[in-house]
Amino acid sequence: MAVAIRSKAAELFESTEQVIGQVKARKLMASLLDRQWQVHQGLLEKSSGAILAGRSGSGKTMTARIMCQHLGLPYAEADATRYTEGGYKGLDLQQIFIPLL
């Protein structure tokens, strides 16, 4: 008996309509998070991650937060400027993952 994998990519894309423009980026992000959701549900073994980069105010954070919230996936945000190599003043890089725990 085959299990039908229902794609949420279109639903995720539509959930971010308030992000102006960025159509291609929103489609790619929706596809990536759809695969992450399928891994979370046990339908797939693994999925790739992503690094979001772009100009300030382009909607990266808002898009990621809305899509993760829509799926019920964990979302954590970190400002990498506060982190340093071990032994220097500042936070250790390993602490960037604490919000996910």
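In this predicted model, leucine 33 touches Leu12, Met67, Cys68, Leu71 and Leu73, with residues up to four places away in sequence not counted. Leucine 33 lies in helix H2. Its relative accessibility is 6%, so leucine 33 counts as buried. One of its contacts, leucine 12, is 21 residues away along the chain. The C-alpha atoms of leucine 33 and leucine 12 are separated by 8.3 Å.

Helix H2 holds 18 residues. From first C-alpha to last, H2 reaches 25 Å. That span is close to the 26 Å expected at 1.5 Å a residue. The buried residues of H2 are Arg26, Met29, Ala30, Leu32, Leu33, Asp34, Trp37 and Gln38. Charged and polar residues thus sit in this list beside Leu32 and Leu33, among them Arg26, Asp34 and Gln38. The buried residues of H2 pack against both H1 and H3. Glycine 42 follows H2, and its phi is positive, near 85°.

Two residues of basic character are placed at one aromatic ring. Arginine 26 lies over the face of phenylalanine 13, at 4.3 Å from the ring centre. Lysine 27 also has its charged end over the ring of phenylalanine 13, 5.9 Å from the centre. Arginine 26 is itself one of the buried residues of H2. Aromatic pairs number 0 in the structure.Helix H1 spans residues 9-15. Alanine 9 belongs to this helix. The relative accessibility of alanine 9 is 19%; buried means under 20%, so alanine 9 counts as buried. Leaving aside neighbours within four places in sequence, alanine 9 is in contact with Ala30, Ser31 and Asp34. Of these, Ala30 and Asp34 appear among the buried residues of H2. Alanine 9 and methionine 29 are 20 residues apart along the chain, and their C-alpha atoms are separated by 8.5 Å.

Serine 15 is also placed in helix H1. It has a relative accessible area of 19% and is therefore buried. Serine 15 is in contact with Ile66, Met67 and His70, again leaving aside neighbours within four places in sequence. Ile66 and Met67 are among the buried residues of H3.

Helix H3 runs over residues 60-71. It has 12 residues and reaches 17 Å from its first C-alpha to its last. The expected value at 1.5 Å a residue is 16 Å, and the span of H3 is close to it. Thr63, Ala64, Ile66, Met67, Cys68 and Leu71 are the buried residues of H3. These residues pack against helix H1 and helix H2. Met67, Cys68 and Leu71 are also among the residues that leucine 33 touches. Just after H3, glycine 72 takes a positive phi of about 80°.

The search of the whole structure finds 1 salt bridge. Arginine 65 forms it with glutamate 77, and the closest N and O atoms are 2.8 Å apart. The pair links distant parts of the chain, with the two residues 12 apart. Arginine 65 is in helix H3, whereas glutamate 77 is in the loop between H3 and strand S1 (83-84). Side chains of opposite charge can pair when their charged atoms come close. Neither partner is buried: arginine 65 has 41% relative accessibility and so counts as partly exposed, while glutamate 77, with a relative accessible area of 48%, is partly exposed as well.

Across the protein chain there are 3 helices and 2 strands. Read along the sequence, these elements follow the pattern α-α-α-β-β. Buried residues make up 23% of the 101 residues. Among contacts between residues at least 6 apart in sequence, 45% join residues at least 24 apart. The chain exposes about 7,700 Å², and carbon and sulfur atoms supply 55% of that area.

Technical notes:
Residues are numbered from 1 along each chain as its sequence is written. This is a predicted model: local features need pLDDT of at least 70, side-chain atom pairs count only at pLDDT 80 or more; totals for chains, interfaces and linings use all residues. Side-chain values use heavy atoms; hydrogens and water are left out. A salt bridge is a side-chain nitrogen of Lys or Arg within 4 Å of a carboxyl oxygen of Asp or Glu. Helices (H or I, at least four residues) and strands (E, at least two) are DSSP runs, numbered from the N terminus. Buried means under 20% relative accessible area, exposed over 50%, partly exposed in between (1.4 Å probe, protein chains only). Rings of Phe, Tyr and Trp (its six-membered ring) pair if their centres lie within 6.5 Å; planes under 30 degrees apart count as stacked, over 60 as edge-to-face and the rest as tilted. A charge sits over a ring if NZ of Lys or CZ of Arg is within 6 Å of the ring centre and within 35 degrees of the ring normal. The expected span of a helix is 1.5 Å times one less than its number of residues. Contact means heavy atoms within 4.5 Å. Accessible areas come from the Shrake-Rupley method with a 1.4 Å probe; for residues, only the protein chains shown count as cover.
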